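Visitor: I should like to be guided through the fold of this protein, step by step. Could we begin with the chain as a whole and then turn to its parts?

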Amino acid sequence: MRYLIIGNSAAGVTAAEAIRKIDTKGEITIVSDEPYPAYSRIFITNVLAGKARPENILMRPPGFYEEFQIKAVLGQKVVQIDPANHEAYLEKGAVLTFDRLLLATGASPQLPSVPGSGLRGITGMRTLADALEVAKRIEDTPGLPVVVVGGGLVSLKVTEALIGRGGEATLIVKSPQVLSQMLDERAAGIIQRRMADAGVTIRLGCDLRAYEGEGELEAVYLEDGQEIAARLAIVAKGVRPNLELAQGAGLHVNQGIVVNPYQETSREGIYAAGDVAEAYDPVRQQGSVNAMWPNAVFQGEAAGLNMAGQRVACRPGTRVNAASFLGLQAASVGRVRPLDGDEEEVVVNREGYYHKLVFREEFLVGAVIVGDIRSIGHYRWLIAEQKPAHFLRRELGRKIYNFSAYRLQVAPWCREA
Amino acid sequence: MYLDVNPELCTGCSLCEAFCSFRREKAIWPTKSCISVLKYEREALYIPFTCQQCEKAICAEVCPVQAIKRNAHTRAWEIDANKCMGCKMCVASCPLGGVAFDPHRGRAFKCDLCGGDPECVKVCAPGALKLVKGPEVVLAKRRRVTQNMLHLLQNWGVETHV
């Protein structure tokens with residue numbers, strides 16, 4: 001059996017491992033247009049911050065590909081696949097053949113198409129190459145004026161990395177709050193206050209209108225006419241799935257490549273997983289692209305097992321996020337804003353600490369936490385598996401610790417024990 | 001080895017939290033405890049949530065840098081603090097709330113069975129926490145975990161809906 005995996009990140013690598021668990025003899029090939037061995041995309045901002053080197057963020061130890069007998073074709077882009085002839089064509093002309101194909105092609109940053117977007121100095125923040133390039137740029141030119149466009153997780157991580165290096169950054173956010181996908185207004189308010197205290201300038205509710213400069217970026221213009229000097233613009237306004245190969249092959253594509261619980265696409269023998277796949281989301285009750293690392297791992301594993309001949313449904317996935325900014329922890333799962341018919345219960349809402357649950361009938365459908373986030377995994381499970389969670393309501397607030405003040409040194413008798 | 005939790009015997013005294021955090025931090029500091037007792041006072045039900053050292057550990061599977069590894073001796077899943085980079089994917093994925101995050105160190109932490117002699121077991125007078133050893137318990141453990149913790153919550157949720 002010949003397995004071809006396009007994509008060398010969470011979904012692709014996990015799939016290869018899952019295949020190898022079952023099929024010790026089959027040929028496994030991983031192709032990626034990135035030149036590096038598999039690394040953790042989550043941590044590229046740590047590299048940007050100077051807190052990690054590329055070798056610290058590898059997904060698997062060196063020697064992984066040999067150990068699992070995986071042929072890695074790195075730094076080469078697949079330009080087309082031919083499902084009828086079971087072939088994939090590389091940019092440089094080579095042809096790869098397969099019996100089972102996994103599309104784990106991930107997603108790319110969405111760069112807004114405003115005037116001047118062809119200028120040098122405008123970059124997304126998706127790959128290790130992006131992080132290394134920006135880090136070099138900042139080292140070469142201390143005090144470089146930087147704008148960060150977008151209010152999502154990546155933007156905030158980038159901003160934190162920049163100020164951690166002693167730089168300054170202006171954050172431009174179209175929504176009236178940061179992290180609008182992940183947090184509600186109150187939770188975001190806590191983060192925003194912390195960022196303001198750290199000296200970050202945030203422009204909320206104001207989108208980018210144009211880039212300005214000659215060949216190279218010199219300034220950005222906002223919708224309200226304000227001009228901000230910037231030599232570097234880091235854009236993180238979400239990602240869109242890399243669907244070109246799937247579209248070219250005539251697969252059923254919606255927001256992402258549509259897959260069933262076995263990660264199968266509309267064409268037999270072709271599977272999809274990770275940020276490119278659109279799977280059923282129990283919270284939204286429809287197909288959804290949940291571009292999250294854990295989902296990519298779950299889907300990659302299911303895809304691999306099914307490609308190797310088992311029949312295993314993927315764990316139901318839903319949107320879950322956990323992150324920390326400037327010492328504050330925040331996490332959310334499912335719906336962060338109640339829909340009609342949902343009930344919202346705010347358990348705690350005070351300085352630096354917030355805990356909210358969203359219910360629909362007896363089910364939990366969403367949660368937002370700032371503070372001790374350890375229950376988020378349990379909430380994720382209750383939501384994704386659609387377990388009744390009505391009991392949580394009556395106990396709200398009981399298991400919420402005071403995060404800052406409750407720190408008692410124990411009595412001497414206890415130390416001796 | 002794994003910690004067998006029997007919510008039926010738990011009185012909700014929370015000494016396990018106190019001693020766990022004291023061992024780790026030399027302070028009674030429940031947010032830094034690896035075990036956390038969920039209290040449902042009206043039902044007089046107390047459920048100690050902690051790592052169950054799963055056979056198929058989601059936390060280890062999702063860890064982007066493979067920082068969560070099995071200790072060959074205790075069979076506990078341990079987080080390598082030098083490798084962990086604080087992404088919290090394990091925290092977000094564990095259905096039992098078995099992994100917590102330490103904001104001061106920027107690292108995830110979880111129960112490592114105290115190297116084979118857990119503090120919480122020693123202080124649990126009612127015997128709700130027990131250390132079970134040996135490979136033959138694996139299947140029994142799986143059943144126990146499902147029945148005791150998740151199933152319990154699930155069924156109970158249905159009942160209280162009335």
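**Fold and packing**

Visitor: What percentage of the 417 residues of chain A count as buried?

Guide: The model is a predicted one. A residue is taken as buried when its relative accessible area is under 20%. Of the 417 residues of chain A, the share that meets this description is 55%.

Visitor: Why is chain A described as being as compact as a globular protein of that length?

Guide: The secondary structure of chain A comes to 11 helices and 26 strands. For 417 residues the globule rule gives 22 Å, and chain A comes close to this, so it is as compact as a globular protein of that length; its radius of gyration is 23 Å.

Visitor: Which strands of chain A stand at the edges of the sheet with antiparallel pairing?

Guide: This open sheet has 5 strands in the order 22-23-26-25-24 of chain A. The twist averages 10° from one strand to the next. Two strands have a single partner each, so one side of each is left without a neighbour in the sheet: strand 22 (320–325) and strand 24 (343–350) of chain A.

Visitor: Which residue of strand 25 of chain A is the bridge partner of A:Glu343?

Guide: Strand 24 of chain A pairs with strand 25 (residues 353–360) of chain A in the antiparallel sense, over 7 bridges. In strand 25 of chain A, the partner of A:Glu343 is A:Phe359.

Visitor: Which helix of chain A lies across strand 10, strand 11 and strand 16 of chain A?

Guide: The open sheet in the order 9-16-10-11-12 of chain A has parallel pairing, and its twist averages 20° from one strand to the next. Helix 4 (residues 128–140) of chain A packs on this sheet, touching strand 9 and strand 16 of chain A. Running at about 160° to strand 10 (146–149) of chain A, the helix that lies across strand 10, strand 11 and strand 16 is helix 5 (residues 153–164) of chain A.

Visitor: How many nonpolar residues does the contact of helix 1 of chain A with helix 8 of chain A have?

Guide: Helix 1 (residues 10–22) and helix 8 (residues 293–307) of chain A pack at an angle of about 35°, with their axes 7 Å apart. Among the residues that make the contact are A:Ala11 and A:Ile19 of helix 1 of chain A, and A:Val297 and A:Leu305 of helix 8 of chain A. By class, the contact has 3 polar residues, 2 charged residues and, as the number of nonpolar residues, 11.

Note on methods: Residues are numbered from 1 along each chain as its sequence is written. Chains are lettered from A and ligands numbered from 1 in the order in which they are written. This is a predicted model: local features need pLDDT of at least 70, side-chain atom pairs count only at pLDDT 80 or more; totals for chains, interfaces and linings use all residues. Side-chain values use heavy atoms; hydrogens and water are left out. Axes are lines fitted to C-alpha atoms, for helices over the stretch in contact, and angles run from 0 to 180 degrees between N-to-C directions. Helices (H or I, at least four residues) and strands (E, at least two) are DSSP runs, numbered from the N terminus. Contact means heavy atoms within 4.5 Å. Ala, Val, Leu, Ile, Met, Phe, Trp, Tyr, Cys and Pro count as nonpolar, Asp, Glu, Lys and Arg as charged, and the others, Gly among them, as polar. Two strands pair if DSSP finds at least two bridges between them. The radius of gyration is taken over C-alpha atoms; the globule rule is 2.2 Å times the number of residues to the power 0.38. Buried means under 20% relative accessible area, exposed over 50%, partly exposed in between (1.4 Å probe, protein chains only).
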